[in-house]
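Colleague: I have this one open on my screen and would like to go through it with you. Could you take me around the inside first, and then tell me how far to trust it?

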Amino acid sequence: MTTARTPRRPGAPGDPLADAPDLVPDLAPDEVARLQRRTRGTLMAGQVLAGLGMGSTLSIGAIVVAEVSGSPALSGLAATMATLGAALAAIPLARLAARAGRARALATGAALAATGAALCIVAGGLASTPLLLVGILLIGVGTAVNLQSRFAAADLAAPATRGRDLSLVVWATTVGAVSGPNLIGPGESLGAVLGMPALTGPFLFTIAAQALAAVLYLVALRPDPLRVARRLALEQERRDAAARDAGGGQTAAVEVDDRPGIRLALIAIALSHATMVSVMAMTPVHLTDHGATLTIVGLTISLHIAGMYALSPVFGILSDRLGRWGTILLGQGMLVASLLMTGLGAESEGWVVAGLIALGLGWSASTVAGSALLTDSTAPARRTVVQGRSDLLMSGSGAVGGALAGVVLAMAGYSGLSFAALGLTAVVVVALLLTRTAGRRPARR
């Protein structure tokens, strides 16, 4: 017996998820809510596993590159390759999600990260710098998985709680980001017991954590949240079409992209990330040049990371209640405050620490609200593609910001870098004001 197929959505011809609604179960509203809670929990667990694995290896990556290559000058390539890996994987993983669902895309990214860790171990044994850099690039794909996970949390979220659900997945990164670096010592001890090349032991944790995450996504993200969301959108379109036919053509319009909202979200996410990365990356250099101990440097970065993730649920709730626009503006205000602290108080360790905490908080508010706005503003059939472009812009802007920050630091000092970064926040604020003045202030939906 042939199953009747749903007509393709206008404007999205050939969409595999839209063309195969029979592969997705028909769920009642309460079942959709339960699936969303399970999806959110699965994504949070995956974020913890990814953070545990990546936190240790990315922290030691620069040291391993310097050791294998024999040149400390090449150590910066570790961060560059990891960022490049995240950027290169953003759109392919988004396209895979659009074609095969979130579970397949997230599991594929996690498997690539585990493969990268294995290559790093082999590269350590062979003393091969090119192979090591390829391995680190693949580990960076795990960052693209982390970014896509926050959007996966929004697939089935109700509009009124979309910011909260998205932010809880971001918050889960805190556990891995804080705990991961502490696994360097145990990882090195384990590697020594197993007779592995020096400094490669921590990569074992990456292999185990990313492999577990891949299995978790494939097993627990069923039915796939993106497939279910697409089916729900198609069913709504059918109801709208039926109402239009019955009412002489008068019915709600099919959901389409809110292009001003998309542009605003892309600008806010990319430039907030560039601001954060540029100042954060140069802070250890500035502090050590001014006599700060490594303990102070480590504490500063740890508090900064805590600012990035620990309060993200607060900003998610604010974005649901205050609105995406207002929360992005709040985030820019905190970024401005942080840059004034680091710019005017560059000679004070206390002001720099306070500035880095505020920098993390401003990034969190802007990223959470911007990601929710991007989802709100994009039609369901195009969300994965637009989200992938956002992740590419985010990673790319961070890489450019980090690279240029060193040049600005050398020319204008840490204060000059902070004041220059104010220009990025100004662009976001102007974009916000222009969107509002044009009468296209994004709806919270």
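**The core and its surroundings**

Modeller: This is a predicted model, and a good place to begin is its largest nonpolar core, which has 28 residues, with Met276, Val279, Leu359, Trp363 and Tyr414 touching the most other members.

Colleague: Which elements give two or more residues to this core?

Modeller: Those elements are helix 6 (162–179), helix 10 (259–289), helix 11, helix 13, helix 14 and helix 15 (383–437). Apart from this core lies another one, of 21 residues, and Val68, Ala82, Ala123 and Leu138 are among them.

Colleague: Back to Trp363, what does it touch?

Modeller: Leaving out residues up to four places away in sequence, Trp363 touches Ser272, His273, Met276, Met308, Tyr309, Leu335 and Met394.

Colleague: And how many aromatic pairs are there?

Modeller: The count comes to one aromatic pair. It is formed by Tyr309 and Trp363, whose ring centres are 5.7 Å apart and whose planes stand at 80°, and because planes over 60 degrees apart count as edge-to-face, that is what this pair is.

Colleague: Where do the two partners sit in the chain?

Modeller: Tyr309 belongs to helix 11 (residues 294–309) and Trp363 to helix 14 (residues 349–377), so the pair links distant parts of the chain, the two residues being 54 residues apart.

Colleague: Are they buried or exposed?

Modeller: Tyr309 and Trp363 are both buried.

Colleague: Changing topic, what about Trp171, buried or exposed?

Modeller: Trp171, which has its place in helix 6, is partly exposed, because its relative accessible area is 33% and the partly exposed class runs between 20% and 50%.

Colleague: Which residues does Trp171 touch?

Modeller: Not counting residues up to four places away in sequence, Trp171 touches Met44, Tyr309, Ala310, Ser312 and Pro313, and Tyr309 is also a partner in the aromatic pair with Trp363. The C-alpha atoms of Trp171 and Gln47 are 8.9 Å apart in space, although these residues are 124 residues apart in sequence.

Colleague: Now the confidence: what does the chain average?

Modeller: The protein chain averages a pLDDT of 84, and 86% of the residues score at least 70. Among its elements, helix 13 (residues 324–344) has the highest mean pLDDT, 96, while helix 1 (residues 16–19) has the lowest, 46.

Colleague: Where does the pLDDT stay under 50?

Modeller: It stays under 50 over residues 1–22, for which the model has 32 contacts beyond four places in sequence. Over residues 441–445 the pLDDT is also below 50, and this stretch has 24 contacts in the model beyond near neighbours in sequence.

Terms used
Residues numbered from 1 in each chain as written. Predicted model: local features only at pLDDT ≥ 70, side-chain atom pairs only at ≥ 80, totals over all residues. Heavy atoms only, no water. Phe/Tyr/Trp six-rings, centres within 6.5 Å; stacked < 30°, edge-to-face > 60°. Helix = DSSP H or I, 4+ residues; strand = E, 2+ residues; numbered from the N terminus. Buried < 20%, exposed > 50% of the residue type's maximum accessible area, 1.4 Å probe, protein only. pLDDT = per-residue confidence, 0-100. Contact = heavy atoms within 4.5 Å. Core = buried A, V, L, I, M, F, W, Y, C linked by side-chain atoms within 4.5 Å.
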